[in-house]
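Hi,

Here is the structure I said I'd send over. Have a look at it first, and my notes on what turned up follow below.

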Amino acid sequence: MCGIVGIVGKLNACKSALNVLKNLEYRGYDSAGLAFLQKNHLNTIKALGKLNELKSKFEILEEGIKDVSIAIGHTRWATHGKVILENTHPILSKNVAVVHNGIIENHDQIRLELKEKDVIFETTTDTEVIPHLLSISMKNTQNFFDACVSVVNKIEGAYAFAAIHSLNEEIFVARQTSPLVIGIGNEYNIVGSDAQSISQMVDEVIYLNDGDYAILNKTQIQIYDSDNKKVEREKINIQSNLNFLNKDGFKHFMEKEIHEQPNVLINTIGSLIRDENDLNIFPEKMNIQKNCGITICAAGTSYYAAMVGKYWIEKFSSIPVNVELSSEYRYRSPASEMYSCMIVISQSGESIDTLMAMREAKKLNLKTMAITNVEHSSIDREADYSIYTHVGPEVGVASTKSFTSQLIVLLSIAMKIGMYNKKITTEKCQDFIQNLKLVPNFLSKILSLNKEFINLAQAIKNSRNILYLGRGVLYPLALEGALKLKELSYIHSEGFAAGEMKHGPIALIEEGLPIIMFLTSDGMEEKSISNLQEAIARGGKVFLISDQKNINKISFIDNKVLIPSFQETWNDVFSPIFMSIPAQLIAYHVARERGTDIDQPRNLAKSVTVE
Ligand code: M6R
């Protein structure tokens, strides 16, 4: 992960770099640093902890470095080497400084070679091989650009890095799999890990392709492809949307993002509806074929959305769906003949596991389709066909609105493929569309039960272990609820399919263990309620989230939150979308009670660009 920035040609470059780093903090926040040139001398400022620590150090020095016009910066999510000042980027060697995002996979080998040349390493990072290789190469070539190219030819892995040296005001950048964007300013140029982060400063950006490298000074940008050919890449206009940095009166971004779901999901739904009885989804572009299945790959919360998608697609279209963790798919030699399409789901569009799974699918001749929130992200640009979730930037590390929007897209895909496959009539689709339009308003009603989830959170906040249960389409919700809770509150929590409890996990139940169950009236509620009885009989303390329709069947349960029931035909179908709100609110309020860092939980980052 990590965020990188570089600016050349703009006065007070350190301050501008810091502003960009603020927008990149979602990529990692365990330490941060800047390197800059002043009178041909390379200086650094580094700090452990969040970016504010670096900002404080910068402010002390600001007056004396206002004339600086070239700087690179970094916000770190540690991969190799502990979170200590020595390992904080930029990493230097003699007159060269480097910031890096990704992993240099052959760094051990290079380290050995460099040690044989008496190079002394001062960090335990994989990154440090880059500045050392660079300074050695510069001694030989006397040319910064050539030296950088020789380093690119030597290192392996998934990376993006920016390098400067003390002789000239120029920045070298290279990208292999990890994202990197160049922004074109007026008499200055800039690089950043994403376009949004630099959008305050430029109107036009260039996305580097995989394997590209470039050299920029204040007026020129020269780009080369992986065959070392000079290339022109498309310039794209971008709109600055920095509204996302505003919490709108909420205490946390996550809280804002939970509560804005009714509003932003209107955009998701609006973009999916073509007219009263058709959806803006094109099965031909996905290469949907009779007797062929779909594989869906994703990670984390997006993977749980994929699991729900499987239930829906198989139910409405009878197309077989295989759901896989992206990180597993790539390395397991999957049999692909029976699949014609891979759908990848990624909020950020940058998760490297998912990007690599998609590339693997391409090699296997599958058509690829992306469901993503970020237009022009790496996954979007490489997919054959993309559908956007349109919920605006998600700042909180925990996925909230991106999950519900992914579910809405997946359900719409299931309906459209169902129509394409003649399993769903136009009337049914029309009815679906009518009801889909009611979802945002319905979510507002569930959100108005906030107080009840605060009470529930207070009841479980001191537990050491918590179980989540669900059946059918709500089984993935149990997994998602448990993930949300563990990442935000650091309470150990696990999700299980309710029917699976008796096959082992029931052994975990002891007196007072909180068990949260999501229940909808789907025809299986009796079975789920029996599973609850089994848990209660063993001392489990059940907290039930159910729709109103089940009220008579669950009178024996003391702790419950009843959410309203939706229109009969669609109530259980839409239930994963509805139950997402309780899952999010429970995790949010438990974390708030425990005082953890909700928007930036420990050890995590929003966009995971390392394997
Ligand atoms: O950007 P992506 O959807 O590819 O991210 C995948 C996961 O890293 C992500 O869903 C993660 O599990 C969530 N932030 C957890 O809330």
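Let me start with a cysteine: Cys-148 is buried, since its relative accessible area is 0%. Bear in mind throughout that this is a predicted model.

Does Cys-148 have a sulfur partner, and what is the total number of disulfides? There are zero disulfides in the structure. Cys-148 is accordingly in none, and the nearest cysteine sulfur, in Cys-2, sits 19 Å away. Cys-429 makes a similar story: the closest cysteine sulfur belongs to Cys-341 and is 19 Å off, which is too far for a bond. Cys-429 is also buried, with a relative accessible area of 0%.

Next, the sheet. Five strands make up an open sheet with parallel pairing, and the order across it is S19-S18-S20-S21-S22. At the edges are S19 (321–325) and S22 (385–388), each of which pairs on one side only. From one strand to the next, the twist averages 20°. Looking at one pairing in detail, S18 (residues 293–298) and S20 (residues 339–346) run parallel and are joined by six bridges. Within that stretch, Ile-296 stands opposite Ile-343 of S20.

Two helices worth loading in your viewer pack on this sheet. Helix H10 (residues 300–317) touches S18, S19 and S20, and its direction makes about 175° with that of S19. Helix H12 (residues 352–363) touches S18, S20 and S21 (367–372), with its direction at about 165° to that of S20.

On to the charges. How many salt bridges does the structure hold? The count is 26, and I picked out three.

- Glu-324 pairs with Arg-332, with 2.3 Å between the closest N and O atoms. Glu-324 is buried at 8% relative accessible area, whereas Arg-332 is partly exposed at 39%.
- Arg-359 pairs with Glu-382, and here the closest N and O atoms are 2.7 Å apart. Arg-359 belongs to helix H12 and Glu-382 to helix H13 (residues 378–382), so this salt bridge ties together parts that are 23 residues apart in sequence. Arg-359 counts as buried, because its relative accessible area is 18% and the cut-off for buried is under 20%. Glu-382, at 23%, is partly exposed.
- Lys-484 and Glu-487 meet through their side chains at 3.7 Å, N to O. Both lie in helix H18 (residues 475–489), three residues apart, so about one helical turn separates them. Lys-484 is buried at 1% relative accessibility, and Glu-487 is buried at 15%.

Salt bridges with shared partners also link up into one network, made of Arg-175, Asp-210, Arg-359 and Glu-382. That puts the H12–H13 pair from the list above inside it.

One last spot to check is Ser-178, in the loop between strand S8 (171–176) and strand S9 (181–184). Is Ser-178 buried or exposed? Ser-178 counts as buried, because its relative accessibility is 1%. What does its side chain have for company? A polar atom of the Ser-178 side chain lies 3.5 Å from the backbone nitrogen of Tyr-159.

Cheers

Notes:
Residues numbered from 1 in each chain as written. Predicted model: local features only at pLDDT ≥ 70, side-chain atom pairs only at ≥ 80, totals over all residues. Heavy atoms only, no water. Pairing = 2+ DSSP bridges. Helix = DSSP H or I, 4+ residues; strand = E, 2+ residues; numbered from the N terminus. Axes fitted to C-alpha atoms, helices over the stretch in contact; angles between N-to-C directions. Contact = heavy atoms within 4.5 Å. Buried < 20%, exposed > 50% of the residue type's maximum accessible area, 1.4 Å probe, protein only. Polar contact = N/O pair within 3.5 Å; in protein donor to acceptor, adjacent residues only side chain to side chain. Disulfide = S-S within 2.5 Å. Salt bridge = Lys/Arg side-chain N within 4 Å of Asp/Glu carboxyl O.
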